[in-house]
Amino acid sequence: MRDASFARPALPQFLPPQSHRTVAVLGSTGSIGTQALELMARNPERFSVGALAAGNNWELLAEQAVATRAPLIGLANSDPAALEARIAELAAQTGIDYRPQIICGEHAAAEVAAAEHCNVLLNGMTGSIGLLPTLAGLESGKLVALANKESLIVGGALVKAAAAPGQLIPVDSEHSAIAQCLWGGTSAEVRALILTASGGPFRGYTAEQLAAVSPADALDHPVWKMGKVITTNSATLVNKALEVVEAHLLFDVPLEDCRVVVHPEHLIHSMVEFTDGAVLAQISQPDMRLPIALGIGWPERIPAAVSPLSFAESMNWHFEPVDHQTFPAITLARQAAASSATHMAVYNAANEEAVHAFHDGLIKFPEIVATVTRVVEQHDGVPAERVSLDDVLAAERWARTACRTLMGQPSNPDQLTTSLNVGKQN
Ligand SMILES: NC(=O)C1=CN([C@@H]2O[C@H](COP(=O)(O)OP(=O)(O)OC[C@H]3O[C@@H](n4cnc5c(N)ncnc54)[C@H](OP(=O)(O)O)[C@@H]3O)[C@@H](O)[C@H]2O)C=CC1
Ligand SMILES: CC(=O)[C@@H](O)[C@H](O)COP(=O)(O)O
Ligand SMILES: [Mn+2]
């Protein structure tokens with residue numbers, strides 16, 4: 001564990017107190033991105049939108065561009081001409097002269113992440129495709145508010161090495177909660193991090209019941225409204241598995257001291273146990289605008305980011321252990337993370353492929369984690385002492401191909417559209 005105080009951190013030097021921040025938002029059309037834009041629109045004295053980037057949804061991106069007047073827009077996978085025409089049309093309707101710079105193609109998000117006129121990056125993309133943009137944001141000296149947990153899990157030591165102290169800020173609700181609880185003590189006083197899990201839509205299910213669930217069932221999260229991949233990951237408990245590793249990497253707490261408890265109401269967003277037996281918890285409505293606000297406003301709180309929880313009425317909060325037998329994702333991730341510096345990249349890539357296959361009706365729900373297990377077991381990892389970005393990218397590609405082969409799908413690398421197969425960053 002790092003020998004440092006966790007006390008509330010100082011402002012990064014390049015961000016004066018209460019200063020106006022210019023934020024680049026990656027994944028602006030998604031769940032995190034749209035909530036971030038809503039929050040920033042409510043706090044114009046604190047934030048302006050310096051850049052937006054999305055994958056396919058050019059129609060919504062055009063609306064967001066005109067609404068925010070962001071000077072830089074990135075679009076990865078769709079027709080730039082349609083985006084440009086729609087922006088011009090909406091700007092004319094609004095009566096404004098707005099002609100942003102538009103970057104298109106697979107490197108758009110990384111270029112947006114590096115934009116010099118922004119001092120904060122919010123990475124709200126889904127998947128390990130967010131790795132290169134996270135690295136670009138860190139290397140360009142921005143405060144990086146990280147919702148895209150996959151980039152830290154896949155990049156591991158490489159992302160940590162690229163981040164200056166205090167530069168990488170968690171947006172994931174559990175890790176934002178832990179970061180706040182850690183303001184209450186020093187690293188030497190921390191005994192364990194306790195991540196809460198909602199348990200997902202299949203909490204209490206047997207293995208037999210899980211075999212019969214549909215993609216629609218898996219997307220019916222009991223608490224949170226989120227994108228498709230993370231919602232499916234909540235159902236398999238892969239999300240919690242990724243979060244255990246994320247906590248270990250962010251806070252330098254040993255993996256075995258990053259514990260999980262199921263708390264179905266998900267009002268406690270996580271806890272820290274200290275050496276004297278005290279446990280601090282962060283409690284709030286299950287609303288991502290709180291950790292998003294703290295992430296981009298870090299370490300200052302944004303007033304009224306969400307409405308407070310009312311304690312005026314009776315409430316029942318529940319806690320139960322994880323059923324690791326029926327949901328083996330967390331145990332597998334602990335083993336993978338301890339195995340080598342590339343095993344978690346493999347775990348995550350195989351999971352992304354399997355999740356898509358499940359939603360395409362190609363595999364049943366229990367086969368998601370079963371397939372990830374088989375791919376992880378086949379992997380010959382690279383040790384942390386000599387891992388490079390090329391090693392991580394190669395492990396990613398290998399895992400996607402191995403996973404597709406196991407699932408009887410084509411494994412031509414050109415078809416691995418969800419992969420990090422976007423070439424090396426310059
Ligand atoms: N939603 C939540 O409450 C939480 C999310 N997270 C994490 O935040 C991240 C985002 O999740 P969520 O918002 O739910 O996901 P969504 O699926 O709702 O959104 C994903 C976003 O990524 C964009 N995107 C995809 N490919 C690219 C690309 N190549 N370049 C730029 N943008 C791209 C999508 O654009 P388009 O739609 O235009 O294709 C979309 O805007 C994930 O890592 C998730 O685990 C963490 C905690 C909570
Ligand atoms: C909001 C958030 O941070 C998600 O990661 C959420 O925690 C998912 O909940 P479960 O994975 O516990 O179902
Ligand atoms: Mn989370």
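# Covered helices, a core and two ligand shells

Trainee: Which phi does Gly141 take just after H5?

Mentor: Gly141 has a positive phi of about 85° there. Keep in mind that this is a predicted model, in which local features need pLDDT of at least 70 and side-chain atom pairs count only at pLDDT 80 or more, while totals for chains, interfaces and linings use all residues. Residues are numbered from 1 along each chain as its sequence is written, and chains are lettered from A and ligands numbered from 1 in the order in which they are written.

Trainee: Why is H5 called a helix?

Mentor: A helix is a DSSP run of H or I with at least four residues, a strand a run of E with at least two, both numbered from the N terminus. H5 covers residues 131-139 and has nine residues, so it satisfies the length cut-off for a helix. By these rules the protein has 17 helices and 11 strands.

Trainee: And what makes H5 "mostly covered"?

Mentor: Eight of its nine residues are buried, including Leu131, Pro133, Ala136 and Leu138. Buried means that 20 or more other C-beta atoms, placed from the backbone, lie within 10 Å of the residue's own; 12 or fewer makes it exposed, and in between it is partly exposed. Across the 426 residues of the protein, 49% count as buried.

Trainee: How do you know whether Ala354 is buried or exposed?

Mentor: Ala354 has 27 other C-beta atoms within 10 Å, and the cut-off is 20 or more, so Ala354 is buried. Its place is in helix H15 (residues 343-359).

Trainee: Which residues does Ala354 touch, leaving out those up to four places away in sequence?

Mentor: They are Ile363, Ile368, Thr371, Val372 and Cys403; contact requires C-beta atoms within 7 Å. Cys403 is 49 residues along the chain from Ala354, yet their C-alpha atoms are separated by 7.3 Å.

Trainee: What makes a set of residues a nonpolar core?

Mentor: Its members are buried Ala, Val, Leu, Ile, Met, Phe, Trp, Tyr or Cys residues, joined through C-beta atoms within 7 Å. The largest one here has 132 residues, and Val112, Ala145 and Ala333 have the most contacts inside it. H15 gives the most to this core, with 10 residues. Among the residues that Ala333 touches are Ala241, Val244 and Tyr347.

Trainee: Why is the protein called as compact as a globular protein of its length?

Mentor: The globule rule is 2.2 Å times the number of residues to the power 0.38, and the radius of gyration is taken over C-alpha atoms. For 426 residues the rule gives 22 Å, and the radius of gyration is 21 Å, close to that value, so the description holds. The C-alpha trace spans about 60 × 55 × 45 Å along its principal axes.

Trainee: How many residues surround ligand 1, and which are closest?

Mentor: There are 31, the closest being Gly27, Gly30, Gly55, Asn57 and Gly227; near means a C-beta atom, placed from the backbone, within 6 Å. H1 supplies the largest share of this shell, three residues.

Trainee: And what classes of residue make up the shell around ligand 2?

Mentor: Four are nonpolar, five polar and three charged. Ala, Val, Leu, Ile, Met, Phe, Trp, Tyr, Cys and Pro count as nonpolar, Asp, Glu, Lys and Arg as charged, and the others, Gly among them, as polar. That shell includes Asp172, Trp224 and Lys240, and helices H8, H11 and H12 each supply at least two of its residues.

How values were computed: Contact = placed C-beta atoms within 7 Å.
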